Amino acid sequence: MTPPSPGERASAPGDPAPGDPAAGDPATEAELIARAQAGDVAAFEWLSGAYADRLFMLLLRLLGDRDEAEDVAQEVMLRAWRGIGHFRGRSSYFTWLYRIAVNEANRALEKRARRPAGVSLGPDELQLPAPAAEEPSRQAEASELRMALSRALAELPPPLRTAIVLRDVEGLSTQEAADIAGVGQAAFKSRLHQARLRVRDAVGEQVLASASG
């Protein structure tokens with residue numbers, strides 16, 4: 001199977017996309033997977049494109065760098081295309097694709113492990129609630145808390161950061177998040193508990209230190 005190059009399509013311009021109900025072809029996910037496994041690039045693009053924006057946000061939250069997230073997203077899609085023939089449906093396609101994304105994000109983080117600076121996760125990447133606009137004092141406090149939370153998440157090791165992002169930011173169920181992380185529910189719950197404790201402690205310490213200064 002030849003990996004798709006950017007912009008490559010198996011159908012001609014103007015042809016209906018596979019699975020487009022308006023084109024009279026309401027293909028199911030299983031049908032799109034079967035087509036992709038048979039080498040249909042357009043079916044793969046349609047199948048994976050449904051998750052592209054959400055997958056990019058996941059990578060942005062894990063990596064904290066937009067350019068790097070874009071590069072890793074391309075690598076995720078390439079690996080998914082190359083591996084689609086091995087997909088057996090033991091999990092949903094979404095879970096399978098997210099698992100590839102988490103693995104690639106962790107691989108990218110390992111490459112920069114020697115750098116002294118941590119990953120900078122900002123409020124925009126996390127999509128945290130904006131500070132209240134009506135009272136400047138509360139706005140400043142909320143902004144301070146958001147920055148402390150961003151620093152705390154950036155300092156977590158990748159497995160713990162992945163756990164808290166999947167469960168508390170992405171809002172996935174424990175089972176979904178554990179499947180994506182590639183661990184059992186008990187192990188995932190342990191990671192999530194550790195992550196929440198460390199973030200809570202770090203945020204409390206940083207906010208108190210700032211207030212006392």
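Let me begin with a definition: the expected span of a helix is 1.5 Å times one less than its number of residues. What we have on the screen is a predicted model, and I would like to apply that rule to helix H3 before turning to how H3, H4 and H5 pack.

Helix H3 covers residues 52-63, and because its 12 residues should span 16 Å at 1.5 Å a residue, the 16 Å that separates its end C-alpha atoms agrees with the expectation. Helix H5, residues 93-111, can be treated in the same manner, since its 19 residues reach 27 Å from the first C-alpha to the last, close to the 27 Å expected.

Now to burial, where H3 is mostly covered, with nine of its 12 residues buried. Which residues of H3 are buried? They are Leu-55, Phe-56, Met-57, Leu-58, Leu-59, Leu-60, Arg-61, Leu-62 and Leu-63, and just after the helix Gly-64 takes a positive phi of about 70 degrees. H5 is also mostly covered, in that 14 of its 19 residues are buried.

Turning to the interior, the largest nonpolar core has 56 residues, and those with the most contacts inside it include Leu-55, Leu-58 and Leu-59, together with Val-76, Tyr-93, Tyr-98 and Ile-164. The largest share of this core, 11 residues, comes from H5. If we leave out residues up to four places away in sequence, Tyr-93 touches Glu-29, Ile-33, Phe-44, Leu-47, Ser-48, Tyr-51, Ala-80, Ile-84 and Phe-87.

Let me finish with the helix packing, taking H3 and H4 as the opening pair. H3 packs against helix H4, residues 66-83, at an angle of about 130 degrees, with the two axes 9 Å apart. Because that angle lies neither over 145 degrees nor within 65 to 115, H3 is oblique to H4. The crossing of H3 and H4 is right-handed, and the residues that make the contact include Leu-55, Leu-59 and Leu-63 of H3 and Ala-69, Val-72, Ala-73 and Val-76 of H4.

For H4 and H5, the angle is about 130 degrees and the axes are 9 Å apart, which makes H4 oblique to H5. H4 passes H5 in a right-handed crossing, and among the residues that meet there are Val-72, Val-76 and Ala-80 in H4 and Tyr-93, Trp-96, Leu-97 and Ile-100 in H5.

One residue to look for in the structure is Val-76, which is listed in the contact of H4 with H3, appears again where H4 meets H5, and is one of the residues with the most contacts inside the largest nonpolar core.

Conventions
Residues numbered from 1 in each chain as written. Predicted model: local features only at pLDDT ≥ 70, side-chain atom pairs only at ≥ 80, totals over all residues. Heavy atoms only, no water. Helix = DSSP H or I, 4+ residues; strand = E, 2+ residues; numbered from the N terminus. Buried < 20%, exposed > 50% of the residue type's maximum accessible area, 1.4 Å probe, protein only. Core = buried A, V, L, I, M, F, W, Y, C linked by side-chain atoms within 4.5 Å. Contact = heavy atoms within 4.5 Å. Axes fitted to C-alpha atoms, helices over the stretch in contact; angles between N-to-C directions. Parallel < 35°, antiparallel > 145°, perpendicular 65-115°, else oblique. Left-handed = near helix turned anticlockwise from the far one by under 90°.
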